[in-house]
There are 4 protein chains.
Amino acid sequence: MKGYAMLKIGATGWVEKDIPVCGPMDAICKPIALAPCTSDIHTVWAGAIGDRKDMILGHEAVGEVVEVGSLVRDFKPGDRVLITAITPDWNSLEAQDGYAMHSGGMLSGWKFSNFKDGVFAEYFHVNDADGNLAHLPEGMDLAAAAMLADMVPTGFHGAELADIQFGDNVAVIGIGPVGLMSVAASAIRGAAQIYAVGSRPNCIALAQEFGATEIINYRNGDIVQQILEKTGGKGVDKVIIAGGDNDTFAQAMAILKPGGIIGNVNYLGEGDSVGIPRSQWGCGMGHKQVRGGLMPGGRLRAEKLARLVMAGRIHPEKLITHTFHGLENVEQALMLMKDKPRNLIKPLVLID
Amino acid sequence: MKGYAMLKIGATGWVEKDIPVCGPMDAICKPIALAPCTSDIHTVWAGAIGDRKDMILGHEAVGEVVEVGSLVRDFKPGDRVLITAITPDWNSLEAQDGYAMHSGGMLSGWKFSNFKDGVFAEYFHVNDADGNLAHLPEGMDLAAAAMLADMVPTGFHGAELADIQFGDNVAVIGIGPVGLMSVAASAIRGAAQIYAVGSRPNCIALAQEFGATEIINYRNGDIVQQILEKTGGKGVDKVIIAGGDNDTFAQAMAILKPGGIIGNVNYLGEGDSVGIPRSQWGCGMGHKQVRGGLMPGGRLRAEKLARLVMAGRIHPEKLITHTFHGLENVEQALMLMKDKPRNLIKPLVLID
Amino acid sequence: MKGYAMLKIGATGWVEKDIPVCGPMDAICKPIALAPCTSDIHTVWAGAIGDRKDMILGHEAVGEVVEVGSLVRDFKPGDRVLITAITPDWNSLEAQDGYAMHSGGMLSGWKFSNFKDGVFAEYFHVNDADGNLAHLPEGMDLAAAAMLADMVPTGFHGAELADIQFGDNVAVIGIGPVGLMSVAASAIRGAAQIYAVGSRPNCIALAQEFGATEIINYRNGDIVQQILEKTGGKGVDKVIIAGGDNDTFAQAMAILKPGGIIGNVNYLGEGDSVGIPRSQWGCGMGHKQVRGGLMPGGRLRAEKLARLVMAGRIHPEKLITHTFHGLENVEQALMLMKDKPRNLIKPLVLID
Amino acid sequence: MKGYAMLKIGATGWVEKDIPVCGPMDAICKPIALAPCTSDIHTVWAGAIGDRKDMILGHEAVGEVVEVGSLVRDFKPGDRVLITAITPDWNSLEAQDGYAMHSGGMLSGWKFSNFKDGVFAEYFHVNDADGNLAHLPEGMDLAAAAMLADMVPTGFHGAELADIQFGDNVAVIGIGPVGLMSVAASAIRGAAQIYAVGSRPNCIALAQEFGATEIINYRNGDIVQQILEKTGGKGVDKVIIAGGDNDTFAQAMAILKPGGIIGNVNYLGEGDSVGIPRSQWGCGMGHKQVRGGLMPGGRLRAEKLARLVMAGRIHPEKLITHTFHGLENVEQALMLMKDKPRNLIKPLVLID
């Protein structure tokens, strides 16, 4: 079969591989819709997870089941399915502990395009099919469905980590596709004011549509200063970090009230250390929590987020600014993600 | 001063009383807007809290401060204020324990029209002014402001008690004004499907506007049966009880999944006992929690809910179906609440 | 193979059956130590779970693995293992939701001596071996190990449901073996005063050894009255119910403070309904939570509780008042549990 | 009156001041027992909170009430009382938010020897007497009572921040008096293995008596390495930081499992930034939470911790290695704390 792969750090191309083998609990799927992710770019061109040779890229897909293992109960060939980017081992101790995404070791629930071939291929392998597939709801837009693989669950996890309560004022730092879903999540989690930090016009427009009440653009001055001014010097109750870099945590701490929480869903690919400013952290005693976590994957999560789409609570399909057709165009979509033209939020590839 | 009072069980009328005395931490306010509550009806005509003699009714008000005690820091005469129906003693041990509404004894944070004169008067007394008043935000609709006294915080507490999570399917039993706010709260707390149980057309219409996805009308058959059918026999993740009676808990238990939570905000005025059906409760082992609580009062709560109004997340002013002008018409508004004409949701009295 | 079975409601006896078949994720074990449970008595003589024909009894065992399925990673024949009484399907949606004990339906994580043959046999079957076995720690007393199957996790779950915090005053109603473990759990969860409700002398002595500070004996008067007197009329912060019947909840509610929690781990086998007294429940608004749940099973749980034994924090072996040797004596141990002589707490059968 | 004061950074001495004035909600107390704290040392000799002129030191006291304000309900002259080191304003918004210790601004619940004169004086002032005093229980050892001001609540807060669950393995870094109470707190919160990191022999002995199962001494090699070895490379579930410096967080992160929590109760007095090692933090996605907070103060807290002493669950009096008599010897006790002889854990001054 054909797949679009990371050949080595800095290089991509089409490879030819055997169709993956299906274990007794697993499924083999073919893609219906695919989306490249910023992580794919970091993986290839920043070497964020180390070197890989001929590893097929991609972890965002909607698919059709073509084969299932003998122990799979709830899926059969022909089923159209959502697949979460993170596919934990559900009968691991980490899953029993509530941290399935770290089954097999920290972050090891992330398997596609990391420890095994990803979804940019004619066929791909899903471990623990009953635990990691969900039936595509009748009538769901494929663009929305594709966003349920990673953008929605990651963005929403930011709001969960930050533990937003009714009437909280919230800052969302970074309004790329994940941050935009964090804005939407904050709005339907009970946030009052949402300060969305970003500068790209189409992201700003969508942030406002998703519920941001104020846009904080670094071009208008220091973002810490701007948010402190808008909050009468008090800062916000919660911060979601969905972009930036290691230094973003110092900004987040500076705008956070005592008793507040930082929820990070941004993968930090570089640097030795994240600095927490001592004084603004209350000398370690300000009850400003720092949390960060990989999105929870799995079937229940996918089903519950899919319900939000079907109930009309969220509209993740609006993230899609560019649509391609045919597996062969996954390359073009990926390059778009690499080049990040100003009108891009997220590309989609439909496999007709 | 004049006030509209419960003269005894079953009788109301205007009374003449001295203007209340202001303690060092307290405030005296005059009303700007008032709303009668079903509790007022239960208090007078069902004797729900026992007999009272010439007790001024009412606990839902927006006001203007006319006097403050010597220790009050943040309010002064002339300030326009939100006042929560529940006005705890904030320097009580119960408040230190997170249950300020029970300061001084179970439910004793409820003072207006219960332990002391209420707000249907030319003047009323607010204990712990710094803790129980909030500045009326510039530009806030008075109808919305009045609903922040009780309808919004009570309805929202239902969603808090039920601990709604992203994608939960939720049933809201009872869609009077409190239940309608529970529907709105569920929608902005992350519920997917919201099954609103009620039958009055204007309540149904508003429930749908506030986010209900399905209306369950007892006239169409047993509500338990209807909800089980619509959920494929599985039931819902969470139930909010905002109406009905002691038997409603058996219905709620029957439609609740294992691991689910019932959040009750309906005052149960009659009967010896609430029956939890043993078998549907999993023989005491089904992890179906039963919670119920008086709304949290106080300034921070009022400020946070007011932010939701100002950010446009909720529209409690839509509860108001009948508006009166002048303190003297509080009687007519109360009688409307007693008679409950079919087109009533909630009346408002503006004191111009 | 031989097993000691429920022949029908009210009758037990030895049966001859085939050795169970091992699925790919499963294990077949033989017992090293066994303990009968009050549930076995209720199952047979009260028909608590309905009729069963020739179903082998028993769900408390320490075992040795004799066979494992092809997908089992962490266990092999010859391994000595702890087995939890509740053996969930870990790759179920309920497990993803944090309620593995209800995988496959409410309470359906309880399989042994309920939906399939139990452990009172020469061999028994364990589903999801990697998820439901734990290695027997080197040097662990077999009596303590046997108590880790059900008595410890069930008793400890009471303290978890009641969410005991530092300095809470706690009542434990019922001090049979489960309640005694709830006393121990309360003590090492941070309870201050522990009011243990019971009357059997050896249970009282062990409750005191496990951390009870006051014994409440119904023979000395109404237990509600006694506890209210000892707490200056205020009642306790939390109640664990580990015995009694449906009426026990009314007593628990009467001694519970507003904001308190009842944690039930007593299987309620009879009656239509559990009555919550309306007035003492604060008319549904007193923030007195009612929780109840089947113990969490599984390997991680077993490992964590085993660590408490190995660290010397708890001494569940002290529950054992009668020890037998040989599988054939499981009958005598069960009858002892049925007859409940006054000096019994818990019997143990060692299979040498 | 006489008081022992910080004259300026680096200098202490006796000062003469007026007896403090009692506001309507306040109390004036005289000390019965006093203890100097490491914070006093940092305040004077490291300038940790900035310069102060003639500020009376000390925040750990047991006292006798000599005067109360007109609004104080529950205390009167002659009452013997516990006083928490942190004395929040209970009718503040921060208290309503659950973070009373930050009332008036981050850390501003810390008033004694910070924003106002401390307790090393003939008389001292307590704000919000009903909220911040607790009656000294009949028969309580004065040494234990003095430790309830700061050492116990701070140490215990570490275990609360780390959210210890049954069977967790816990590392406590730093076993001075606060860390020793964190060890005790971990043991009665349900920890299994407790790895206590320290090197002073009498602290080690007391850590073991309080429940530590393993002592990790930096003299035996890198503490990270030692703990990883003892946990089979897996690390611990939770870490409490009660000593060390900004670099301690990197060690804590290195020994913490994914899903784990660091609870810091060590005041970080120096440096710009606390570094969180990126890779060991799972690139921001490892679900390793960082929490830190000032101890909760106030009456309920003091009462609940006092109950633990009276129930015999904890023995904080064992921290006291040196006892002095007479207010004049508070100077000697403080100097002892400054010099930290090897046999010191904590000194106490009894005012007979």
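Visitor: How many residue pairs are in polar contact between chain A and chain D?

Guide: This is a predicted model. It has 30 such pairs between chain A and chain D, with both residues at pLDDT 80 or more. To count, a pair needs N or O atoms within 3.5 Å.

Visitor: Which elements of chain A give two or more residues to the side that touches chain D?

Guide: They are α5 (151-161), β13 (256-264), β14 (273-277) and β15 (289-292) of chain A. The largest share comes from β14(A), with 5 residues. Sorted by class, that side of chain A has 18 nonpolar, 19 polar and 5 charged residues.

Visitor: How many salt bridges does the rule find across the interface of chain A and chain D?

Guide: The rule finds 0. A salt bridge needs a side-chain nitrogen of Lys or Arg within 4 Å of a carboxyl oxygen of Asp or Glu. No pair across the interface of chain A and chain D passes that rule.

Visitor: What makes residues of chain A count as in contact with chain D?

Guide: The test is heavy atoms within 4.5 Å. By that test, 42 residues of chain A are in contact with 42 residues of chain D.

Visitor: What area do chain A and chain D bury between them?

Guide: About 3500 Å², with 62% of it on carbon and sulfur atoms. On the side of chain A, A:R278, A:M285 and A:H287 supply 23% of the area buried against chain D, more than any other three residues. Area is used here because the size of an interface is often given as the accessible area lost when the parts come together.

Visitor: Why is the relation of chain A to chain D that of a two-fold axis?

Guide: Look at the superposition. A rotation of 180°, with 0.0 Å of shift along its axis, places chain A on chain D at an RMSD of 0.0 Å. That is why the relation is the one of a two-fold axis. The same surface serves both copies, and 100% of the contact residues of chain A recur in chain D.

Visitor: How do you know that β14(A) and strand β14 of chain D pair?

Guide: Pairing takes at least two bridges. β14(A) and strand β14 (residues 273-277) of chain D have 5, in the antiparallel sense, so they pair. A:I276, for one, stands opposite D:V274 in β14(D).

Visitor: What is the area buried between chain B and chain C?

Guide: About 3500 Å², and carbon and sulfur atoms give 62% of it. B:R278, B:M285 and B:H287 lose the most area to chain C, together 23% of what the side of chain B buries. The rule finds 0 salt bridges across the interface of chain B and chain C. Polar contacts there join 31 residue pairs, both residues at pLDDT 80 or more.

Visitor: What makes β14(B) and strand β14 of chain C a pair?

Guide: Again, at least two bridges are needed. Here there are 5, and the sense is antiparallel. B:G275 has C:G275 as its bridge partner in β14(C).

Visitor: Why is one side of β2 and of β4 of chain A left without a neighbour in the sheet?

Guide: The open sheet of chain A holds 3 strands in the order β2-β1-β4, with antiparallel pairing. β2 (11-16) and β4 (55-56) stand at the edges, each with a single partner strand, so one side of each has no neighbour in the sheet.

Visitor: How many bridges join strand β1 of chain A to β4(A)?

Guide: There are 2, and the strands run antiparallel. The cut-off is at least two, so β1 and β4(A) pair. In one of the bridges, A:M6 is partnered by A:M55 in β4(A).

Key
Residues are numbered from 1 along each chain as its sequence is written. Chains are lettered from A and ligands numbered from 1 in the order in which they are written. This is a predicted model: local features need pLDDT of at least 70, side-chain atom pairs count only at pLDDT 80 or more; totals for chains, interfaces and linings use all residues. Side-chain values use heavy atoms; hydrogens and water are left out. Buried area is the accessible area (1.4 Å probe) that two parts lose on being put together, summed over both. A polar contact is a pair of N or O atoms within 3.5 Å; within protein, one must be able to donate a hydrogen and the other to accept it, and residues adjacent in sequence count only if both atoms are side-chain atoms. Helices (H or I, at least four residues) and strands (E, at least two) are DSSP runs, numbered from the N terminus. Ala, Val, Leu, Ile, Met, Phe, Trp, Tyr, Cys and Pro count as nonpolar, Asp, Glu, Lys and Arg as charged, and the others, Gly among them, as polar. Copies are superposed by least squares on the C-alpha atoms of residues with pLDDT of at least 70 in both.
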